[in-house]
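Q: Please take a close look at the ligand site of this model. I would like to know what lines the site and how the surrounding architecture is put together.

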Amino acid sequence: MGKNILIVTGSDYSDIVYQAFYDTKKLGHKLYLLSDGSFEPRPEVFEKHFIYDLRKTKESLEYMKNQNEKFDAVTIKTSEWLTPLVALLAKQYGCIGNEPIVAFNCRSKYHMRQCLERGGVPIPKFKLCKNYEELINGIREIKTPCVAKPVGGNASYGTFMIRDEKDIESLKENYENSIKFLKEKAIDSDVFAFDKEEMDLIGVDGHVDMITDYLVEEFMDGHEISVDALVQNGEVNIIGTEDQVRMEPPYFVQLAARLPYVCSANEQAQISDLIKLTIKAMNIKNSATHTEIMFTSQGPKIVEIGCRIGGDNLHDDILNLTGYNLMFESIMIALGEKRHYEVKNKGHKVLKYILPEKKGRIKKIHIPDEIKYDSNNFNIEILSSVDDFVALPPEKFDYIGYISGRGETAEEAEKNTNEALKKIEIIIE
Ligand SMILES: Nc1ncnc2c1ncn2[C@@H]1O[C@H](COP(=O)(O)OP(=O)(O)OP(=O)(O)O)[C@@H](O)[C@H]1O
Ligand SMILES: [Mg+2]
């Protein structure tokens, strides 16, 4: 029998994600959308588009409770900040999902570290700091080199390294700049806090401010990968892996990615064990997950985990390489349909982020059609607009967009992406 499925989102979707919706509808189900109204979804996909200011978690729940429609499944693609709301809605309707506190523990990097520590997962030393004084003391305790990051951040906004005493001289300015940037983001887009009442509703022990509370962590040296895995009834299946390239410290904005991450069978087994241990420690039961691992000189350690699909290109590129549509799979998991996976990668993808070359106002963005419709399958996403003021850390943590290209080998994918990138024209004044 057809089921009612609620999709929650902070932004619109790519063609490939819409394909998941069409495929779900073909099975006889009905789809509904809950968003903040920042975009118009494609016509005739959703029975109804509920719009509310989703930064207000408790009010959004109330708003949905007062609707006539009831749902058999609730799920999300990537919007990290909305995962607690998705879990609360699933609970409200008695649907399959993660517990709200599990989603919150993935949102608050402090609570995440506590869960991972209890679960015996390898992580760096960490300390919660609620103001500048505590931040200084935290750095003294953890010792340099260390990393400071906002408890509720994403996209590495406001994250920086303190390499030595010299970096402490600019700490106050760095910290204040970051908080200013995060507060602006909290108002107009995708980082936001939960109020006291909302944290009580979720059952949070030890309230945190997602923007002004910082975590100081021991610096992990080494290279970083991400892993997208699907979890059904606590059972873990790794679908996609990505090798990450990030900025040189003291900032960590991602510059590029290579999919899949190529490694030995031995290393694959080690990654698989670590992901399973991490998901168990967080108590994630039914959802997609996105985890970052750092290979340090003391062995692999967890950077973070989210109970959602990886962002940017990952959804579309993982489909391109493995044939699995993670949005469709997330819907099936939310419906309780038993899934089975056998993952084989066909080819490689290389993604490059387009960062501002200098600080200033964007005057022109031009992407020639020849690369938009090229057979090397370029996924191109431009996130900034003409007239936006953009800058690099420490002032701002902007990126203009990204492009990812395909090849039979990793080298070929890299070459294709680089050539296409040269044809994109961005003028900043
Ligand atoms: N303890 C650490 N040691 C070394 N590098 C770190 C540490 N913590 C974070 N980083 C770097 O900063 C990046 C951002 O941190 P984290 O993933 O925790 O925050 P985020 O804002 O959710 O990031 P993103 O969305 O970019 O993945 C990490 O991917 C990693 O490169
Ligand atoms: Mg991260």
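A: What follows starts at the ligand and then works outward through the domains, sheets and helices.

The model is predicted. The domain assignment splits the protein into domain 1 (4-104), domain 2 (125-218) and domain 3 (223-428). Ligand 1 lies between domain 2 (125-218) and domain 3 (223-428), because both give residues to the shell around it.

That shell holds 20 residues. The closest are Gly153, Ser156, Glu217, Met220 and Phe252. By class, the shell around ligand 1 has eight nonpolar, five polar and seven charged residues. Two strands, S6 (146-150) and S13 (299-306), each supply at least two residues of this shell.

Strand S13 leads into a sheet. This open sheet has eight strands in the order S13-S12-S9-S10-S11-S14-S18-S16, and the pairing is antiparallel. S13 is an edge strand, as is S16 (379-382); each pairs on one side only. So which strand contributes to the ligand shell and also sits at a sheet edge? S13 supplies at least two shell residues, and S13 is one of the edge strands. Direction ignored, neighbouring strands of the eight-stranded sheet are turned by 25° against each other on average.

Now the other edge. S16 runs antiparallel to strand S18 (residues 401-407), and four bridges join them. Asparagine 379 has serine 404 in S18 as its bridge partner. A helix covers part of this sheet: H14 (residues 410-423) packs on it and touches strand S11 (254-259), strand S14 (348-354) and S18. The direction of H14 makes about 140° with that of S18.

Next, domain 1. The centres of domain 1 and domain 2, taken over C-alpha atoms, are 29 Å apart. Ten residues of domain 1 contact eleven residues of domain 2. On the domain 1 side, helix H2 (57-65) and helix H4 (100-107) each give two or more residues. H4 gives the largest share, three residues. The domain 1 side of this contact has five nonpolar, two polar and three charged residues.

There is a second sheet to describe. This one is open, with four strands in the order S3-S2-S1-S4 and parallel pairing. Its edge strands are S3 (49-51) and S4 (73-76), each pairing on one side only. The twist from one strand to the next averages 25°. Strand S2 (residues 30-35) runs parallel to S3, and three bridges join the two. Leucine 34 has phenylalanine 50 in S3 as its bridge partner.

Two helices lie across S1 and S4. Helix H3 (residues 83-92) lies across strand S1 (4-8) and S4, at about 175° to S4. Helix H12 (residues 326-335) also lies across S1 and S4, at about 150° to S4.

H12 has a helix partner too. The axes of helix H1 (residues 15-26) and H12 come within 8 Å and cross at roughly 40°. That crossing makes H1 oblique to H12. Which residues meet there? From H1 come Val17, Ala20, Asp23 and Thr24, and from H12 come Met327, Phe328 and Ile331. The contact of H1 with H12 counts five nonpolar, one polar and one charged residues.

Back to the ligand: its shell draws on domain 2 and domain 3, with S6 and S13 each supplying at least two of the residues.

Key: Residues are numbered from 1 along each chain as its sequence is written. Chains are lettered from A and ligands numbered from 1 in the order in which they are written. This is a predicted model: local features need pLDDT of at least 70, side-chain atom pairs count only at pLDDT 80 or more; totals for chains, interfaces and linings use all residues. Domain bounds come from an automatic or database domain assignment. Two residues are in contact if their C-beta atoms, placed from the backbone, lie within 7 Å. Ala, Val, Leu, Ile, Met, Phe, Trp, Tyr, Cys and Pro count as nonpolar, Asp, Glu, Lys and Arg as charged, and the others, Gly among them, as polar. A residue is near a molecule or strand if its C-beta atom, placed from the backbone, lies within 6 Å of it. Two strands pair if DSSP finds at least two bridges between them. Axes are lines fitted to C-alpha atoms, for helices over the stretch in contact, and angles run from 0 to 180 degrees between N-to-C directions. Angles under 35 degrees count as roughly parallel, over 145 as roughly antiparallel, 65 to 115 as roughly perpendicular and the rest as oblique.
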